[in-house]
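Got the model open in your viewer? Keep the selection box handy, and we'll walk through it stop by stop.

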Amino acid sequence: QVQLVESGGGLVQAGGSLRLSCAASGSIRRINSMGWYRQAPGKQRELVATIASDGSTNYNYSVKGRFTISRDNAKNTVYLQMNSLKPEDTAVYYCNANVMTADLLRGYWGQGTQVIVSS
């Protein structure tokens, strides 16, 4: 069994910064890609950023230049540094990881962490 635990959400004023963390634990053999997604009220979940095991990254165009995704493979942890936050960044942010256990590769989700950006 694999668990993803997120932290770092909260309330911040527009223009401020937050750093999200997501730690994976359990019967992990290898983690391939990791990423962050978000879901605003009344909207579909959307990709924010992903990072592959080799460190290559991909960003939603709306956060490029403001958000930075990184990972610490030794700690099985992915981070999302969010700068210049805007009210439209308000959402529940979910961590995702594609994890190889003993005999299976599958995706896992965290429970979500709320980010609220006030204007």
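Select Asp89 and Arg66: these two form a salt bridge, with the closest N and O atoms 2.8 Å apart. Asp89 is in the loop between β8 and β9, while Arg66 is in the loop between β6 and β7, so the salt bridge ties together parts that are 23 residues apart in sequence. Keep in mind as you click around that this is a predicted model.

Is Asp89 buried or exposed? Colour by accessibility and you'll find Asp89 at 1% relative accessibility, so it counts as buried. Arg66 comes out at 11%, and because the cut-off for buried is under 20%, Arg66 counts as buried too.

**Around Arg66**

Stay on Arg66 and show what surrounds it. Which residues does Arg66 touch, not counting residues up to four places away in sequence? The list is Gln81, Met82, Asn83, Ser84, Leu85, Lys86 and Asp89. You've already met the last of those, Asp89, as the salt-bridge partner of Arg66.

**On to Arg38**

Now add Arg38 to the selection. Asp89 also forms a salt bridge with Arg38, and here the closest N and O atoms are 3.0 Å apart. This pair links distant parts of the chain: Asp89 sits in the loop between β8 and β9, Arg38 in strand β4 (residues 30-39), and they are 51 residues apart. Arg38 has 6% relative accessibility, so it counts as buried.

Next, pick Glu46. Its side chain meets that of Arg38 in a salt bridge, at 2.7 Å from N to O. Glu46 has 30% relative accessibility, so this residue counts as partly exposed.

How many salt bridges does the count come to? Three. Show Arg38, Glu46, Arg66 and Asp89 together as sticks: salt bridges that share partners join these four into one network. As general background, side chains of opposite charge can pair when their charged atoms come close.

**The four-strand sheet**

Switch to cartoon view. Look for the open sheet made by four strands in the order β1-β3-β8-β7, with antiparallel pairing. The edge strands are β1 (2-7) and β7 (67-72), each of which pairs on one side only. If you fit axes, neighbouring strands of this sheet are turned by 15° against each other on average, direction ignored.

Zoom in on the β7 side. β7 pairs with strand β8 (residues 77-82) in the antiparallel sense, over six bridges. For one place to look, select Thr68: its bridge partner in β8 is Gln81. Gln81 is also one of the residues that Arg66 touches, and Arg66 itself is in the loop between β6 (57-59) and β7.

Still in strand β7, select Ser70. At 30% relative accessibility, Ser70 counts as partly exposed. Leaving aside neighbours within four places in sequence, Ser70 is in contact with Ile51, Thr77, Val78 and Tyr79. Want a distance to draw? Try Ser70 to Gly9: C-alpha to C-alpha they are 17 Å apart in space, with their positions 61 residues apart in sequence.

**The disulfide**

Time to select the cysteines. The structure holds one disulfide, formed by Cys22 and Cys95, whose sulfur atoms are 2.1 Å apart. The pair ties together parts that are 73 residues apart in sequence, because Cys22 lies in strand β3 (residues 18-26) and Cys95 in strand β9 (residues 91-100). Which hand does this disulfide have? The torsion about the S-S bond is about -80°, so the disulfide is left-handed. Turn on a surface as well: Cys22 and Cys95 are both buried.

**Last stop: β9 and β10**

From Cys95, follow strand β9 (residues 91-100) along the chain. A hairpin joins β9 to β10 through four residues. β9 and strand β10 (residues 105-109) pair in the antiparallel sense over five bridges. To see one such pairing, select Asn98, whose bridge partner in β10 is Gly107.

Note on methods:
Residues numbered from 1 in each chain as written. Predicted model: local features only at pLDDT ≥ 70, side-chain atom pairs only at ≥ 80, totals over all residues. Heavy atoms only, no water. Disulfide = S-S within 2.5 Å. Helix = DSSP H or I, 4+ residues; strand = E, 2+ residues; numbered from the N terminus. Buried < 20%, exposed > 50% of the residue type's maximum accessible area, 1.4 Å probe, protein only. Pairing = 2+ DSSP bridges. Axes fitted to C-alpha atoms, helices over the stretch in contact; angles between N-to-C directions. Contact = heavy atoms within 4.5 Å.
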